[in-house]
Amino acid sequence: MPAVIMECPDLSEFQETLKQMRKADDIIVNTINSVIPTDSFHADQTTACKSIYQQIQQGHDKREGFIRNCISFTLGNIKKLKNERDDKADNHDVPKSLRSEQTKLRMLQVELTVEDLIKQRSVKVFNERCRQYFKPPS
């Protein structure tokens, strides 16, 4: 079954949504410290680390899907605008819209790179604190 491409919000709404979705990664150190404060604290670190790992992974998957959906949606818009430009050469608004969509596409592609960096940082922090309690599946 092919993935359903949903409409993508405008850039400011997209960035605000992504910012909200990244909050868990932004506070990962605090989250882990609150669950596993010290070695003398004897909570169930394995369960806590597993839960944190699952939350991190779900967040990464959700954000990456969100970004990739917007990329697909924007690529569709670019294709339509290119066809319009070719069919209606006298319409001067189409090239402007096309450039705007191409700029949006580049920004979305940069967000995928940013997402990869955030993921690497979160996994590094997670591994530093939780590696002795929980080993994520490969």
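Q: Helix H3 (residues 28-35) and H4 pack against each other with their axes 10 Å apart. What makes H3 roughly antiparallel to H4?
A: Start with the angle, which in this predicted model is about 160° for H3 and H4. Angles over 145 degrees count as roughly antiparallel. The value of about 160° clears that cut-off, so H3 is roughly antiparallel to H4. As for handedness, H3 passes H4 in a right-handed crossing.

Q: Which residues make the contact between H3 and H4?
A: From H3 you get Ile28, Thr31, Ile32 and Val35, and from H4 come Ala48, Ile52 and Ile56. Sorted by class, the residues of this contact are six nonpolar, one polar and no charged.

Q: How do you know whether H4 is roughly parallel or roughly antiparallel to H5?
A: Same trick! The axes of H4 and H5 cross at roughly 165° and come within 9 Å. Since the cut-off for roughly antiparallel is over 145 degrees, H4 counts as roughly antiparallel to H5. This crossing is left-handed. The contact of H4 with H5 divides into 18 nonpolar, seven polar and 11 charged residues.

Q: And why is H1 called roughly antiparallel to H4?
A: H1 and H4 pack at an angle of about 165°, and their axes are 10 Å apart. Put that angle next to the over-145 rule and you can conclude that H1 is roughly antiparallel to H4. H1 passes H4 in a left-handed crossing. On the H1 side, Phe14, Thr17, Leu18 and Met21 meet Lys62, Arg63, Phe66, Ile67 and Cys70 of H4. By class, this contact has six nonpolar, one polar and two charged residues.

Q: What makes a group of residues a nonpolar core here?
A: The members have to be buried residues of certain types, Phe, Leu, Ile and Cys among them, joined through side-chain atoms within 4.5 Å. The largest such core has 16 residues, and Phe14, Leu18, Phe66, Ile67, Cys70, Ile71 and Leu108 touch the most other members. Helix H1 (11-21), helix H4 (45-87) and helix H5 (93-130) each give two or more residues to this core. Apart from it lies another core of 12 residues, including Ile32, Ile36, Val125 and Cys130. As a general point, nonpolar side chains in soluble globular proteins tend to be buried together.

Q: What does Ile67 touch, leaving out residues up to four places away in sequence?
A: Its partners are Phe14, Leu18, Arg22, Leu108, Glu111, Leu112 and Glu115.

Q: How do you know whether Glu115 is buried or exposed?
A: Glu115, found in helix H5, has a relative accessible area of 4%. Buried means under 20%, so Glu115 is buried. Leaving aside neighbours within four places in sequence, Glu115 is in contact with Arg22, His60, Arg63 and Ile67.

Q: Why is Lys50 called partly exposed?
A: Lys50 is found in helix H4 and has a relative accessible area of 40%. Partly exposed sits between the buried limit of under 20% and the exposed limit of over 50%, so Lys50 fits that label. Lys50 and Phe134 are 84 residues apart in sequence and 6.2 Å apart in space, C-alpha to C-alpha.

Q: What makes Ile27 partly exposed?
A: Ile27 is in the loop between helix H2 (23-26) and H3. Its relative accessibility is 44%, and exposed would need over 50%. Buried would need under 20%, so Ile27 counts as partly exposed. C-alpha to C-alpha, Ile27 and Ile78 are 36 Å apart in space, with their positions 51 residues apart in sequence.

Notes
Residues are numbered from 1 along each chain as its sequence is written. This is a predicted model: local features need pLDDT of at least 70, side-chain atom pairs count only at pLDDT 80 or more; totals for chains, interfaces and linings use all residues. Side-chain values use heavy atoms; hydrogens and water are left out. Buried means under 20% relative accessible area, exposed over 50%, partly exposed in between (1.4 Å probe, protein chains only). Helices (H or I, at least four residues) and strands (E, at least two) are DSSP runs, numbered from the N terminus. Contact means heavy atoms within 4.5 Å. Axes are lines fitted to C-alpha atoms, for helices over the stretch in contact, and angles run from 0 to 180 degrees between N-to-C directions. Angles under 35 degrees count as roughly parallel, over 145 as roughly antiparallel, 65 to 115 as roughly perpendicular and the rest as oblique. A crossing is left-handed if the near helix is turned anticlockwise from the far one by less than a right angle, and right-handed if clockwise. Ala, Val, Leu, Ile, Met, Phe, Trp, Tyr, Cys and Pro count as nonpolar, Asp, Glu, Lys and Arg as charged, and the others, Gly among them, as polar.
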